[in-house]
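The following exercises concern the geometry of a two-chain structure. Each task is followed by a solution in steps.

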Amino acid sequence: MTGLMALTWRLLRGGGRRGLLGAGLTVAAVAVSTALLLFAVSVNIAFQGRADREAWRNPVAATGKATAIETVRRDYVRDRQITVVDLAALEPGAAPPPGLARFPAPGEVWFSPALAELARELPADQLAGRFPRKTAGTVGDEALVHPGELVAVRGQRSDAPVMTAEPADGPRAGAGPMKISGFTGEATGDAEAYKALGLIASVLMVVPLLVFGGAAARLTVARRDQRLAALRLVGATPGQVVTMTVAEAVITAFGGAVIGAALYGLGIPLFTGIEIAGGPWFLSDMWPGVLAVLAVLLAVPLLVGLSAVVGLRRIVVSPLGVAKRETPPAMRFVRVVALLASLAMVPVLRGDSAIVIAVVVIGLPFLAINLAGPWVVGMLGRIVSRSARRPARLLAGRRLVDDPKAAWRTVSGVAMTGFVAGFIGLLSPGSGLLGDADAVDLRLSVPSSQVAEVTAGARERLSAAGVPATIEAGGTGATRVLTASLGKRDAGSVDRARTALDGLVPGRGATSAADEDRSSAQILEDIGTGTVTVLAVSFLVAIASAGITAASSILDRRQTYALLRLAGTPLEVLNGARRAETLIPLTVMGGGSILVGMFCAAPFAISAMNVAGVVTLLVCVALGFAGVIGAGAASAPLLRSVTANPAPRPD
Amino acid sequence: MSVVLEGTGLVKRFGPAVALGGVGLAVHTGEAVAIMGPSGSGKSTLLHCLAGIMKPDAGEVHLLGLRIDAMGERQRSALRRTRFGFVFQFGQLLPELPAEENVALPLMLGGVSRADAVRQAREWFGPLGLGGMEGRRPGELSGGQAQRVAIARALVTRPAVIFADEPTGALDQSTGHDTMRLLVEATKHNGASLVVVTHDHQVARWCDRVVEVRDGQIIPGRHGARPPAGHGAHPSAGHGAHPSAGHGAHPSAGHGAHPSSGHDPRHPVPGQGVTREPATQILPGVSG
């Protein structure tokens, strides 16, 4: 066994400059895959981290003995949201919430770093005036969703009005006073939604990565085909051949995976800059943990090895398997049936289907595209080679028929991205979805018994703050709504009015219509950010995949190319054939994938396709074509170099 | 006979190694020349320089009076496509193209329509003993059949000179003989000249004369500047009579009859086929 390993290592090292270049391409492919795979894994861990850190502000009622009362309210400054948490201890020595060194005493306030900074920056009558003067400390990172989050924790007496007030109405108004026995809490609805979106994004990123990684593995095998067949011919057992190839693939892949992990480490500061839910990420969010990294470092080489075994089957069965080139059997139509069957399941989905089911139903057609791809490429090849009039197209068509899987590998990444783009293009929320809500007039809900008293108080406070307003009471029933139409409509005046009205009705803040839409607007904005991120990752994979497969295909066919060139075939014809054998399947499969993606997104679509979606799609199509053409063009010098000295033998 | 291709004073170095040290060679119309020599002697380099594949460091190459070594790569490439044909040991056929498209490819590269190119290509299959193989892919052909397809591909553009680099190197002796005979015959019937690089004396015997290269030099006295065969014994008498002499003994007579002589009417013995077979059989599209 050690002898075999030593031989494998020698063959790997002694592959010559071109052999090393080939191995280098595999290492590069695996490195990119690993780095992006770590990102896809980290995204989920990061959203889980945010959900965990936010849970203490979504209290659950005490089941045993209550130790404290907690109430949470959303307040606003400029166009940002502040989470205001009021806490009152019911017994001495109550455990402090996460991020605070001790339980806040009545009259104290603890600011998150971003809020503390903002409170210093803005005039006191616009923000700081809403809180007690005594700042006791800073809320730690472990209690914050993101570094820029605005959080204030106030200490109260248990009999303070705010701790006994009726909870405000509305889904995102916050949590009313609740007796709690600890700060475990539970994930908020928003956090769950973000986790679900994060998972969908991961699926959209991981599937092309797996395809790409598999292509990288087969790339090693393809290059070794000839040599391994020779080994079989001299009597190596199938077991030995498998061992050597897998060992070589695994060694190469492990090198790539380690480089990929390092690349990901270097990329963390870049990834943490992606703002979701109103802020960037902590560095630690994007670190998936030693175990996850080790698991990826182990899984990637294993998957590559497995893929290599599959690729080797033909050689192992027959030593002449690759020595003789025969017309390959046509792809089975069942591949297309699989795609159609997986698509048939999509209409069953509804917008509110369980997330696991949704992921499966989206993931299956996504994978099935990869199954149907080679079949379609083979069929395209037949059509093209039948209709070709010029040599370049004839060469391209025949090549597509000869090895549809190889041609598919070159374009699969972009086709997969087409699916993502189609899926997202349909889901992109339009900017007009929420409309332009009023950001100036402030509304305050009031128990109907206090309407007159609060109206007078509000009028007085607003004029004292220099923001005169007309105040009207609307609505009926137990809770009425006061609307203050401000005379000054600039952002500073609105915040002065908010500050002036703070505490007028315990547990309630004055909010504008725009404030109330802010969470929804934020989620829509975040879907947009997620879209761009997923597409960027997909394109990176797609273009890397196109470039690497293009280069390796030249290396694999260098003798044929050299001899063609020697017999006077112009380089343009060879390059033209290479371009055609990529662009023809790209056009058909890219377009098809976009349609499949849109079909899969249909159950989740909240509105008809909008301008933003169309623009996203068009940009994707343009980038896809440009990327693949560019990747192909980048390997043109390699083609020139392998054909520059076409002498087939040195003598 | 007029000189079709001539190299004079050819020098080629690879780093410190001198592959060609001032070599001259003239090839006449319709002549078959074998370039022989041990490995590393420079024989392939000489072929590459003559064929416009490599630029010599010094010296000149003329094709029908046209200096080709000074041309740019694009022009030389076009020249190789139109005026030269190539047959190699193996690997020159595109594995994904059926045989007939492999043959048609050079015509298509020259601008002939696909239908015409394939039609012209098919005409070569019968005379070369490849009837019925038109739609097969190279992987489905035997080594000898693949070489015959390669010969058809080299000749289909009706080039002035065919260059063959160890054309039988990957074949067994009997198939090699057949292939060589077809190569020589078909080339001559097309009025083309043939330059073969080989280290196999059996192969060289099919040619009109043998040029021996050693250490980058042509060995004097081992080759004649005599016009091609058909007029008498080969100058290098040590190799025996020339196979195509017509009135001389067959070179392989000492070993017995030529493998295919008398067995297969499609594979005439060189020199006899010329008279026995209608020219159209190896010269498609040209009336005999």
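**Exercise 1.** Determine how strands β6 and β7 of chain B are joined, and place the pair within its sheet.

*Solution.* In this predicted model, β6(B) and strand β7 (residues 161-165) of chain B run parallel and are joined by four bridges. As a reference point within the pair, Phe86(B) stands opposite Phe163(B) of β7(B). The next step is to examine what covers these strands. Helix α5 (residues 143-155) of chain B packs on the sheet and touches β6 and β7 of chain B, its direction making about 170° with that of β6(B). Finally, the pair is placed in its sheet: six strands of chain B form an open sheet with mixed pairing, in the order β6-β7-β8-β3-β9-β10. Its edge strands are β6 (84-87) and β10 (217-218) of chain B, each of which pairs on one side only.

**Exercise 2.** Classify the relative orientation of helices α3 and α5 of chain B, and identify the residues through which they meet.

*Solution.* Begin with the axes: those of α3(B) and α5(B) come within 7 Å and cross at roughly 25°. Because angles under 35 degrees count as roughly parallel, α3(B) is roughly parallel to α5(B). The handedness follows as a separate item: α3(B) passes α5(B) in a right-handed crossing. On the side of α3(B), the residues are Ala99(B), Asn102(B), Val103(B) and Pro106(B), and they meet Val149(B), Ala152(B) and Arg153(B) in α5(B). Sorted by class, this contact has five nonpolar residues, one polar and one charged.

**Exercise 3.** State how many residues of each chain take part in the contact between chains A and B, and describe the side contributed by chain B.

*Solution.* Counting first, 28 residues of chain B are in contact with 26 residues of chain A. On the chain B side, the elements that give two or more residues are α1 (43-50), α2 (73-82) and α3 (99-109). The composition of that side is eleven nonpolar, nine polar and eight charged residues.

**Exercise 4.** Give the division of chain A into domains, and the separation of the centres of domain 2 and domain 3.

*Solution.* Chain A is divided as follows:

- domain 1 covers 1-54 + 191-326 of chain A;
- domain 2 covers 59-185 of chain A;
- domain 3 covers 328-431 + 525-540 + 558-645 of chain A;
- domain 4 covers 442-511 of chain A.

Taken over C-alpha atoms, the centres of domain 2 and domain 3 of chain A are separated by 51 Å.

**Exercise 5.** Compare the packing of α16(A) against α17(A) with its packing against α10(A).

*Solution.* Take α17(A) as the initial partner. Helix α16 (residues 571-601) and helix α17 (residues 611-634) of chain A pack at an angle of about 160°, and their axes are 11 Å apart. Since angles over 145 degrees count as roughly antiparallel, α16(A) is roughly antiparallel to α17(A). The crossing of α16(A) past α17(A) is right-handed. Contact residues of α16(A) include Leu586(A), Gly590(A) and Ile594(A), while those of α17(A) include Leu617(A), Gly624(A) and Val628(A). By class, this contact has four nonpolar, four polar and two charged residues.

Now take α10(A). The axes of helix α10 (residues 391-402) of chain A and α16(A) come within 8 Å and cross at roughly 50°. This angle makes α10(A) oblique to α16(A). The crossing of α10(A) and α16(A) is right-handed. Among the residues in contact are Leu395(A), Ala396(A) and Arg399(A) of α10(A), together with Ala577(A), Ala580(A) and Glu581(A) of α16(A). Here the classes are ten nonpolar, one polar and three charged residues.

**Exercise 6.** Which strands stand at the edges of the sheet β7-β9-β8 of chain A, and how is β8(A) joined to β9(A)?

*Solution.* The open sheet of chain A has three strands, ordered β7-β9-β8, with antiparallel pairing. β7 (442-447) and β8 (469-474) of chain A stand at the edges; each has a single partner strand, so one side of each lacks a neighbour in the sheet. On average, neighbouring strands of this sheet are turned by 25° against each other, direction ignored. Between β8(A) and strand β9 (residues 479-486) of chain A there are six bridges, and the two run antiparallel. Thr470(A) stands opposite Ser485(A) in β9(A).

Note on methods. Residues are numbered from 1 along each chain as its sequence is written. Chains are lettered from A and ligands numbered from 1 in the order in which they are written. This is a predicted model: local features need pLDDT of at least 70, side-chain atom pairs count only at pLDDT 80 or more; totals for chains, interfaces and linings use all residues. Two residues are in contact if their C-beta atoms, placed from the backbone, lie within 7 Å. Ala, Val, Leu, Ile, Met, Phe, Trp, Tyr, Cys and Pro count as nonpolar, Asp, Glu, Lys and Arg as charged, and the others, Gly among them, as polar. Domain bounds come from an automatic or database domain assignment. Axes are lines fitted to C-alpha atoms, for helices over the stretch in contact, and angles run from 0 to 180 degrees between N-to-C directions. Angles under 35 degrees count as roughly parallel, over 145 as roughly antiparallel, 65 to 115 as roughly perpendicular and the rest as oblique. A crossing is left-handed if the near helix is turned anticlockwise from the far one by less than a right angle, and right-handed if clockwise. Two strands pair if DSSP finds at least two bridges between them.
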